[in-house]
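Open the model in your viewer and keep the selection tool ready. We will go stop by stop, and at each one you select something and look at what is there.

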Amino acid sequence: MAYNDKKILQVLVGELGQVPERCKGYREELGHLLGDVLNFEREHAIAKSNVVKKIADQVNTVGMFLHKSRTH
Amino acid sequence: MKLLRAHIENFRLLKDVTFEFSTDKDRNLTVIRAANESGKTTLLTALQWGLFGDEALPDRGRSFRLSPIDISSGDKVSVTTSVEVDCEIPTRTGLRTYRLIRFVTETVRGGQWERGAANVNLFHLTPNGAAPVDNPEAHIRPHLPRELREVFFTDGDRALSFIEGSKGDQMKRVEGAIRSLLGLTVVEDALSHMRKVSTELNQKVKKDSGNREELQTVSDRLAELEEQRPGLEEQVRKAREARLKLEDLEEEADRKLSDALRKGNREELEKQRQAAIRGRQSAEKDAAQAARDHANLFRSELLGKQLLAGPFAKAKAVLDGLHKQGKIPNQTIPVLEDRLNQPICICGESLDPNDAGGQRRRAHIQHLIEDSRNSDALQEKVTALYYGAQELLRPVEGRTWSDEYSDVFERRQRANTRCREFGEQEAAIEAKIAALPDVDIQQLRTTRDHYRCQAKDAQSKEIRLNSQLDAMLRDIKLAEADREKLLQHDEKGMKIGAELEVAHDLQQVLTNALETMKTRELKQVSDRMNALFLEMIGADPAQRSIITRAAITPEFRIVVFGRFDHPLDPSQDLNGASRRALTIAFILALTKVSEVEAPNVIDTPLGMTSGYVKRAIVQLASQESSQLILFLTHDEIKGCEDILDERVGKICTFTNPALYPKILAHDPGTNDTGIVLCDCDHHRHCQVCELRKDAKPREAVSALGA
């Protein structure tokens, strides 16, 4: 990439720290999700794909994690 | 990314050249040394064509022939041009080396040429060989975004596009470079996709809401707002662009008006011309009067009196003597005649005619009268002269003729000078009027005011749309909160609610990250650019430097400030050296802050610079770049040899054999126009590259023209 991933990640991680810890391990899960989203975008730039569907699936996974943590 | 090596074939002057770029961290500078007309700009174009394609060519390649110009025989010839670039790209799994080859065939016949479609191949170079990579453009583009072409590859003049041209264009270029290098685009794309995910989740809520009317209403409302949101955001963006464009037009119209007014207002000049004519006519009248007075002075009594002062003095003495003697005035006859009218003579005797004594005396007086009458006609004339010339013979007192002459002469001179001055003034004004473009000042003023008015309207519209967008975002937030509450009623709702929360959190992270990058990171680029720029031009704001700081505004515009924080227009108020320093400082700052490892390839960056500024640019550029590639003339290198000694990792010299004998010292023994490459550095020359020491620039230029 022309841009420096490290630089973007530094900023994103900084912002991630501002998100409320909605359940134990939530921020960590969200961080993984963010990493996945950036990977999807990188792949999408080289070879087009249904990136929205890919992201939605990951959001669903983290959403389930959040829901289960709240109900158990 | 780093450039490793390039091989170029049949690209105009570059018929077959291969050279390497330095990748040494401490000696990160590669120098291509070449005299003018020796392929520097061709090399820059070739590298860009190799990496970016036709869009990097002048006129996007439509009228730009790639094959060597000297291939122009009458027969049809096919020439293949190719550019091969090896580069090193960092990936998650470490550094990878790629070879990008772009080639195209041109059919040349006489002066005509036709170009086919270009081919691009990308190979992953490994110790085991070269593995082809599918879809090379898509693969290479993320590493070499088009917006960064002007950041990575530039020449001294083109770099100025960041600070020259219309305000809108400048901002677009600066914004494009910053967005690409800071990676804003990937975050924006992610945000846009996350919004779509949220919209889909909302559709799911709506679909699953069943008979829960309240939830359905909120979902509908949210769907409606989200649907309107991109349109409104686009309107805000367009309104901003329209406002900037109108401000540009207003500025341009204002500049035209100022220029026209500086050259002269036709109406105003006509008034001045009439005043000059009136002045000249009045001076001419005065001069004519002075000339008449001058002439009259030569006919004046005063001149006569002064010229004849000597003889007049003598005459006066004689006449005064005669007067004293009683010879003048000749009053005998009137006195005697008067006596005859009296009864008594002055002696007291009777003059009575009836008396004999009286008669005798009267006869005597009558006799005396007759004698006097007959005696001297001359005496009469002398008497007349005595009395008539009293004024003439009186010595000149007070102002002399010379005084009068001086006055008239000066008056005449002054009048003539005024005549000439007014005449010259009139001629100068007429020349100005004649040179005036056919510009209607009033029309220009109207145009400027028209744009000013439109720009104000556009600004109001932008503010209005921004307020609408803010209100919409507030409504979305409220609706989202309502939806969240409503979703808490059942298990299914809570699941979707959790997903929406995740999507919302992620959007918030991306939005805030974008804002941070646009503000904090932009400020870092701005501060870094300012420090580099001031250092390059040797300005010390604490002292009395004219330029005190440079900055990038939140609207992505590069601005410069002078003393008392007075804003300066970089395109107009900075000299050539400072303009180059500013743009190079921007490029270096952006590369540095983004922490992107990218080559900075700059053609003749030191034109218009000398001394301190020149050395500072080379020194700082090599310090700030991860890989710096400079194309320099021999003159540009002069004075920077010690810096090159310290920083250069690779250097080679390009020579154009066609420059013999005007510029080159030795006959290359060929008529070929292809560039010849040698390993000579800034301390050495060989039989191929040695320049004549007495080469006269004018002769050289005319020789090239021939």
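**Stop 1: a pair of bridge partners**

Select B:Y98 and B:H124. In this predicted model, B:H124 of β7(B) is the bridge partner of B:Y98. Now widen the selection to the strands. Strand β5 of chain B covers residues 94-109 and pairs with β7(B). The pairing is antiparallel and runs over 7 bridges.

Keep B:H124 selected and look for another partner. B:A131 in β8(B) stands opposite B:H124. Select β8(B), residues 129-133. β7(B) and β8(B) run antiparallel, joined by 5 bridges. What links β7(B) to β8(B)? A hairpin does, through 2 residues.

**Stop 2: one residue on β7(B)**

Select B:F123. This residue lies in β7(B), which spans residues 119-126. Is B:F123 buried, exposed or partly exposed? B:F123 has 18 C-beta neighbours inside 10 Å, so the residue counts as partly exposed. A buried residue needs 20 or more, and an exposed one has 12 or fewer.

Which residues does B:F123 touch, leaving aside its neighbours within four places in sequence? Select B:Y98, B:R99, B:A130, B:A131, B:P132 and B:V133 to show these contacts. Next, draw a distance from the C-alpha atom of B:F123 to that of B:L100. The separation is 6.5 Å, though their positions lie 23 residues apart along the chain.

**Stop 3: an open sheet of 6 strands**

Stay in chain B. Select β9, β13, β14, β3, β15 and β16. Together they form an open sheet, and that list gives their order. The pairing is mixed. Which strands stand at the edges? They are β9 (153-155) and β16 (676-678) of chain B. Each has a single partner strand, so one side of each is left without a neighbour in the sheet. From one strand to the next, the twist averages 20°.

Zoom in on β3(B), residues 29-34, and β14(B), residues 627-632. These two strands run parallel and are joined by 5 bridges. Select B:I32 to see one bridge: its partner in β14(B) is B:F631.

**Stop 4: an open sheet of 3 strands**

Select β10, β11 and β12 of chain B. They make an open sheet in that order, with antiparallel pairing. The edge strands are β10 (547-552) and β12 (567-568) of chain B, and each pairs on one side only. Strand β11(B), residues 558-562, pairs with β10(B) over 5 bridges. Pick out B:R549 and look across: B:F561 in β11(B) stands opposite.

**Stop 5: helices that pack**

Select α15(B), residues 441-487, and α16(B). Their axes are 8 Å apart, at an angle of about 150°. Angles over 145 degrees count as roughly antiparallel, and α15(B) and α16(B) are therefore roughly antiparallel to each other. Show the side chains where they meet. B:E480, B:E484 and B:L487 come from α15(B). B:G493, B:M494, B:I496, B:G497 and B:H504 come from α16(B). By class, this contact has 3 nonpolar, 3 polar and 2 charged residues.

Keep α16(B), residues 491-537, and add α18(B), residues 576-594. Here the axes are also 8 Å apart, but the angle is about 140°. That makes α16(B) oblique to α18(B). The crossing is right-handed. Among the contact residues are B:V525, B:M529 and B:F533 of α16(B) and B:A581, B:F586 and B:A589 of α18(B). The contact has 14 nonpolar, 2 polar and 3 charged residues.

**Stop 6: chain A and its partner**

Finally, select chain A. What is its pattern along the sequence? The pattern is α-α-α, and chain A has 3 helices and 0 strands. Of its 72 residues, 31% are buried.

Now show chain B alongside. 33 residues of chain A are in contact with 40 residues of chain B. On the chain A side, α1 (5-16), α2 (26-46) and α3 (51-71) each supply at least two of these residues. The largest share, 10 residues, comes from α3(A). Colour the chain A side by class: 23 residues are nonpolar, 5 polar and 5 charged.

Definitions and conventions:
Residues are numbered from 1 along each chain as its sequence is written. Chains are lettered from A and ligands numbered from 1 in the order in which they are written. This is a predicted model: local features need pLDDT of at least 70, side-chain atom pairs count only at pLDDT 80 or more; totals for chains, interfaces and linings use all residues. Helices (H or I, at least four residues) and strands (E, at least two) are DSSP runs, numbered from the N terminus. Two residues are in contact if their C-beta atoms, placed from the backbone, lie within 7 Å. Ala, Val, Leu, Ile, Met, Phe, Trp, Tyr, Cys and Pro count as nonpolar, Asp, Glu, Lys and Arg as charged, and the others, Gly among them, as polar. Axes are lines fitted to C-alpha atoms, for helices over the stretch in contact, and angles run from 0 to 180 degrees between N-to-C directions. Angles under 35 degrees count as roughly parallel, over 145 as roughly antiparallel, 65 to 115 as roughly perpendicular and the rest as oblique. A crossing is left-handed if the near helix is turned anticlockwise from the far one by less than a right angle, and right-handed if clockwise. Two strands pair if DSSP finds at least two bridges between them.
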